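Open the model in your viewer and keep the sequence panel in sight. The stops below go from single residues to helices and then to a pocket.

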Amino acid sequence: MALPPDACSLIVKYVADSRSTLVALCTVSKQFQVAAERALYNTLHLKEYDLTITVCRLLARSPRLAGLVVALSVYAQEEDSDDVSEESELPDDYWNALADALRSVTRLRFLNFHFSGGGQTDKAWILDGCMFQLRTFHCDLAWDASLQSFLATQSRLSDLYLADYQSLAIAPPISTSVFLPRLSVLECTFSEAAAALVPDRPVCRVKTCFTHSRLEEKRTELQIVVASLRQSKRRLRALDIADSSYNADFSLELLSHVTSHQSLCTDLRYIGTLVLPVAGQQRLEFYGYLMRLPQLRCIEVDVSDWDPPPTHAAALRALTHELRLYCPSVTSVVYVYDFERHLVRMEGHVATYDEDAATDNIWRET
């Protein structure tokens with residue numbers, strides 16, 4: 001007797017963490033095959049060279065299975081692989097197979113390319129001819145005409161990570177609002193990308209870093225970034241700007257620029273990374289700027305210049321209570337000391353040190 005489709009789906013959901021069990025279910029009956037294949041192919045993580053080739057060729061020759069793929073992550077070659085070392089170039093058949101698969105997965109919504117560990121990145125041509133409409137795209141590929149042309153087709157993309165960017169005088173131009181019209185979350189390693197992609201789009205969360213290290217050039221860069229943020233169609237909710245060398249004076253300048261514009265202050269929930277000044281007068285000035293951010297929930301501050309380092313739980317709690325005297329809306333603080341992160345959360349009126357907390361995506365979630 002055939003089981004109801006809902007029953008098959010519940011059984012598949014129960015064993016979804018075991019891919020070998022899902023494969024076995026495909027052989028039980030046609031009903032189980034349909035439900036198990038949907039679970040098997042919904043989300044794919046391709047890491048090994050041989051596995052990537054095999055799966056991509058399967059998707060290219062089977063439109064039925066390709067139509068089940070919603071999320072796809074492709075990683076650079078792992079160091080412990082015997083087939084192709086991470087330092088050597090991947091052969092053309094790898095990229096051709098990947099390109100064929102991408103043209104077949106027409107229902108793809110989430111795509112991640114993780115090639116920063118050693119794979120070639122000048123391969124954006126693999127996106128030529130793709131028909132899917134993404135919601136999220138993590139892209140370690142080099143920016144070129146193919147990547148720009150592909151992004152021009154993505155009218156539903158809302159979350160974008162870019163490892164590379166360059167201004168290209170080609171059509172379609174990225175300066176028009178029809179280019180990525182729904183972009184709301186932008187993470188990029190070049191502030192030039194933020195300056196180009198934020199204006200006239202509903203971007204409300206930005207993570208980037210300063211390209212220049214010289215103070216005068218960095219000041220100009222800051223002015224350009226702030227001017228671009230003001231041109232977003234939505235109010236800014238999160239701003240995370242990394243720097244090659246953190247400095248208390250420049251952090252105060254950054255806060256001054258951001259808080260001098262009402263459109264950037266009103267709904268800002270997260271800001272970082274800023275140097276928490278050691279000197280009392282500077283720290284009061286720092287807190288004065290924070291008082292202009294009525295919705296601030298989380299702030300990330302660098303305390304690497306403090307001596308002794310305030311990395312003990314009691315010291316971190318004390319600093320958090322001090323900060324909340326001036327900005328009571330803050331419910332969590334990330335302290336950075338020599339690239340180690342320490343998170344303190346407020347639970348009611350009690351500051352709690354969370355030593356196991358993951359802090360990488362707080363700017364997205366706050």
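A residue counts as buried when its relative accessible area is under 20%. The model on screen is predicted.

**Valine 70**

Select valine 70, in the loop between helix H5 (63-66) and strand S2 (71-75). Its relative accessible area is 15%, so valine 70 is buried. Now add arginine 107, which is 37 residues away along the chain; the two C-alpha atoms are separated by 5.9 Å. Arginine 107 is one of the contacts of valine 70 once neighbours within four places in sequence are set aside; the others are Tyr41, Asn42, Leu108, Arg109 and Phe110.

**Glutamine 133**

Go next to glutamine 133, in the loop that runs between strand S3 (110-114) and strand S4 (136-139). With a relative accessible area of 18%, glutamine 133 is also buried. Which backbone atom of threonine 153 lies 2.7 Å from a polar atom of this side chain? It is the oxygen of threonine 153. Show serine 155 as well: its backbone nitrogen lies 3.0 Å from a polar atom of the glutamine 133 side chain. Leaving aside neighbours within four places in sequence, the contacts of glutamine 133 are Leu108, Arg109, Thr153, Gln154, Ser155 and Arg156.

**Helix H9**

Select residues 215-229, which form helix H9. At 1.5 Å a residue, its 15 residues should span 21 Å, and the end C-alpha atoms are 21 Å apart, so the two values agree. Colour Lys218, Glu221, Leu222, Val225, Val226, Ser228 and Leu229, the buried residues of H9. Turn the view to look down the axis of H9: these residues fall within an arc of 155° and so line one face of the helix. What do they pack against? Their partners are helix H8 (191-197), strand S7 (205-209), strand S8 (238-242), helix H10 (248-259) and helix H11 (262-265).

**Helix H10**

Move on to H10, starting at its N-terminal end. Asparagine 247 caps this end, with a side-chain oxygen 2.8 Å from the backbone nitrogen of aspartate 249. The 12 residues of H10 should span 16 Å at 1.5 Å a residue, and its end C-alpha atoms are 16 Å apart, so expectation and model agree. Mark Ala248, Phe250, Ser251, Leu252, Leu254, Leu255, Val258 and Thr259, which are the buried residues of H10. Among the elements that cover them are H9, S8, H11, S9 and H12.

**Arginine 292**

Is arginine 292 buried, partly exposed or exposed? Select it in the loop between helix H12 (280-290) and S10. Its relative accessible area is 43%, so arginine 292 is partly exposed. Not counting residues up to four places away in sequence, arginine 292 touches Thr259, Ser260 and Cys265. Histidine 261 can be added for distance: C-alpha to C-alpha, it is 9.9 Å from arginine 292, and the two are 31 residues apart in sequence.

**The largest pocket**

Finish with a surface view. The largest pocket holds about 340 Å³ of space. Its lining consists of 18 residues, and those nearest its centre are Tyr246, Thr273, Val336, Phe339 and Arg341. The elements that give two or more residues to this lining are S8, strand S9 (270-275) and strand S10 (298-302).

Terms used. Residues numbered from 1 in each chain as written. Predicted model: local features only at pLDDT ≥ 70, side-chain atom pairs only at ≥ 80, totals over all residues. Heavy atoms only, no water. Helix = DSSP H or I, 4+ residues; strand = E, 2+ residues; numbered from the N terminus. Expected span 1.5 Å × (residues − 1). Buried < 20%, exposed > 50% of the residue type's maximum accessible area, 1.4 Å probe, protein only. Arc of directions from axis to C-beta. Contact = heavy atoms within 4.5 Å. Polar contact = N/O pair within 3.5 Å; in protein donor to acceptor, adjacent residues only side chain to side chain. 1 Å grid on protein atoms, 1.4 Å probe; cavity = no way out; pocket = protein on both sides within 12 Å on 5 of 7 lines; lining within 4 Å. Points joined across faces, edges and corners; volume = space filled by probe spheres on them.
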